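I open this notebook to record what I looked up in the structure, entry by entry. Each entry keeps to one topic.

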Amino acid sequence: MATKEYKQLGCLDVQPSGGCAFQVRTETEAELLQLVASHAKQCHKLESIPQEMVDQVKAAIKTVTVTV
Ligand SMILES: [Zn+2]
């Protein structure tokens with residue numbers, strides 16, 4: 001049995017009052033940030049993510065271990 005680590009983040013972790021149920025799980029932080037950026041653009045009309053929010057997102061990223 002092996003385990004694998006994933007980075008996980010949900011919109012609610014960054015904006016608890018936002019009411020958005022979007023959640024991502026990726027293998028790398030870079031990949032996660034990319035997906036978050038495209039979600040923010042499509043669903044929250046954010047052309048680019050302000051540095052402040054990037055820091056918030058990074059702080060909210062959880063590492064989850066999944067058995068594969
Ligand atoms: Zn969202």
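**Entry 1, the core.** I looked up the largest nonpolar core of this predicted model. The core has 5 residues, namely L9, L32, V36, A40 and V57. I then asked which element gives the largest share of this core. That element is helix 2, from which 3 residues come.

**Entry 2, contacts of L32.** I next took L32, one of the core residues, and listed its contacts, leaving aside neighbours within four places in sequence. On that basis L32 is in contact with K7, L9, V24, T26 and I61.

**Entry 3, the sheet.** In what order do the strands of the sheet stand? I found 3 strands in an open sheet, in the order 2-1-3, with antiparallel pairing. Strand 2, residues 23-26, and strand 3, residues 62-67, each have a single partner strand and stand at the edges, so one side of each has no neighbour in the sheet. From one strand to the next, I noted an average twist of 35 degrees.

**Entry 4, strand 1 with strand 2.** Strand 1 comprises residues 3-10 and pairs with strand 2 in the antiparallel sense over 4 bridges. Within this pairing I located G10, which stands opposite Q23 in strand 2. Helix 2 packs on the sheet and touches strand 1 and strand 2. The direction of helix 2 makes about 155 degrees with that of strand 2.

**Entry 5, strand 1 with strand 3.** How many bridges join strand 1 to strand 3? I recorded 6 bridges, and the two strands run antiparallel. Here K4 stands opposite V66 in strand 3. I also checked how far strand 3 is covered: among its 6 residues the count of buried residues is 0, so I entered strand 3 as hardly covered.

**Entry 6, K45.** I looked for K45 and found it in the loop between helix 2, residues 29-44, and helix 3, residues 51-60. Is K45 buried or exposed? K45 counts as exposed because it has 7 C-beta neighbours inside 10 Å, and the cut-off for exposed is 12 or fewer. I further noted a positive phi of about 55 degrees at K45, although K45 is not a glycine. For comparison, most residues other than glycine have a negative phi.

**Entry 7, Q56.** My last query concerned Q56, which lies in helix 3. Q56 counts as partly exposed because it has 14 C-beta neighbours inside 10 Å. I also looked up Q34, which is 22 residues from Q56 along the chain. The C-alpha atoms of Q56 and Q34 are separated by 15 Å.

How values were computed. Residues are numbered from 1 along each chain as its sequence is written. This is a predicted model: local features need pLDDT of at least 70, side-chain atom pairs count only at pLDDT 80 or more; totals for chains, interfaces and linings use all residues. A residue is buried if 20 or more other C-beta atoms lie within 10 Å of its own, exposed if 12 or fewer, and partly exposed in between; C-beta atoms are placed from the backbone. Two strands pair if DSSP finds at least two bridges between them. Axes are lines fitted to C-alpha atoms, for helices over the stretch in contact, and angles run from 0 to 180 degrees between N-to-C directions. Two residues are in contact if their C-beta atoms, placed from the backbone, lie within 7 Å. A nonpolar core is a set of buried Ala, Val, Leu, Ile, Met, Phe, Trp, Tyr and Cys residues joined through C-beta atoms within 7 Å.
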